[in-house]
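Got the viewer open? Here is a short tour, one selection at a time.

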Amino acid sequence: TQSTWELIAKDLQAVLSKIEDFERIVKKTPEKSKQDELDVLKKVCEVLKKNISVKDCEWAPNDIEVLNRYQLLSAKPVVYLLNMSTEDYKRKSNKYLGKIVAWVKKHGESPVIPYSAVYELSLI
């Protein structure tokens, strides 16, 4: 989706910047831990260039330790909020709900939360 692509693009920008930084650091002081981090960042970069979210890949425990330092947007879970009419919300159904849930399952198994903004506003 468009929003996923935007998150991946933002992560790619951040990772490319960090790769440049780490390449300079590794040239000056070749520490194993810095080289390992650079290697993980390069793996992440390749995944992002394929337009794949970080959360949709398998990572080794050491890779995850590095990934957690960067708080990448495409590593975050996705939740879909489905705004419905008050009537549809009370019935817990509408003509699009099944199709949307099927699409979400096909594209990553994220939770879908139906709600009605109009109904919630009337409760205030």
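Helices here are DSSP runs of H or I with at least four residues, numbered from the N terminus. With that in hand, select Ser-53: this residue sits in the loop between helix H2 (32–49) and helix H3 (61–70). Keep in mind as you click around that this is a predicted model.

Is Ser-53 buried or exposed? Its relative accessibility is 5%, so Ser-53 counts as buried. Show what surrounds Ser-53 and, leaving out residues up to four places away in sequence, you'll find contacts with Thr-4, Ile-8, Val-47 and Ser-74.

Now move one selection along, to Val-54. Setting aside neighbours within four places in sequence, Val-54 is in contact with Val-44, Leu-48, Trp-59, Leu-67, Leu-72, Ser-74 and Ala-75. Val-54 also belongs to the largest nonpolar core, a set of 18 residues. Which members have the most contacts inside that core? They are Val-15, Val-44, Leu-48 and Val-54. H1, H2 and H3 each put in at least two residues, and the largest share, seven residues, is from H2.

That makes H2 a good next stop. Colour the whole helix: H2 has 18 residues and spans 26 Å from first C-alpha to last, close to the 26 Å expected at 1.5 Å a residue. Its buried residues are Glu-37, Leu-38, Val-40, Leu-41, Val-44, Cys-45, Val-47 and Leu-48. Step just past the end of H2 and check the backbone at Asn-51, where phi is positive, about 65°.

Time for the charged side chains. Side chains of opposite charge can pair when their charged atoms come close. How many salt bridges does a search of the whole structure find? The search turns up eight.

- Start with Lys-43 and Asp-63, whose closest N and O atoms are 3.0 Å apart in a salt bridge. Lys-43 is in helix H2 and Asp-63 in helix H3, so this pair ties together parts 20 residues apart in sequence. Lys-43 is partly exposed at 41% relative accessible area, whereas Asp-63 is buried at 8%.
- Go next to Asp-21 and Arg-24, a salt bridge with an N to O distance of 3.5 Å. Both lie in helix H1 (residues 2–28), three residues apart, or about one turn of the helix. An α-helix has 3.6 residues a turn, so residues three or four places apart point the same way. Asp-21 is partly exposed, at 27% relative accessible area, and Arg-24 is partly exposed too, at 47%.
- Then pick Lys-55 and Asp-56, a salt bridge whose closest N and O atoms are 3.2 Å apart. Lys-55 counts as partly exposed at 32% relative accessibility, and Asp-56 is partly exposed with 48% relative accessible area.
- Finish with Glu-37, Glu-65 and Arg-69, which are joined into one network by salt bridges that share partners. You've already met Glu-37 among the buried residues of H2.

For the last stop, switch on the surface and select Val-79, Leu-81 and Ile-113. Together they form a nonpolar patch there, with about 270 Å² of accessible area. Zoom in on Leu-81, which is found in strand S1 (residues 80–83). With 57% relative accessibility, Leu-81 counts as exposed, because the cut-off for that class is over 50% relative accessible area.

How values were computed
Residues are numbered from 1 along each chain as its sequence is written. This is a predicted model: local features need pLDDT of at least 70, side-chain atom pairs count only at pLDDT 80 or more; totals for chains, interfaces and linings use all residues. Side-chain values use heavy atoms; hydrogens and water are left out. Patches are made of residues with over 30% relative accessible area and no salt bridge: like charges are joined within 9 Å, nonpolar side chains (Val, Leu, Ile, Met, Phe, Trp, Tyr) within 5 Å. Accessible areas come from the Shrake-Rupley method with a 1.4 Å probe; for residues, only the protein chains shown count as cover. A salt bridge is a side-chain nitrogen of Lys or Arg within 4 Å of a carboxyl oxygen of Asp or Glu. Buried means under 20% relative accessible area, exposed over 50%, partly exposed in between (1.4 Å probe, protein chains only). Contact means heavy atoms within 4.5 Å. The expected span of a helix is 1.5 Å times one less than its number of residues. A nonpolar core is a set of buried Ala, Val, Leu, Ile, Met, Phe, Trp, Tyr and Cys residues joined through side-chain atoms within 4.5 Å.
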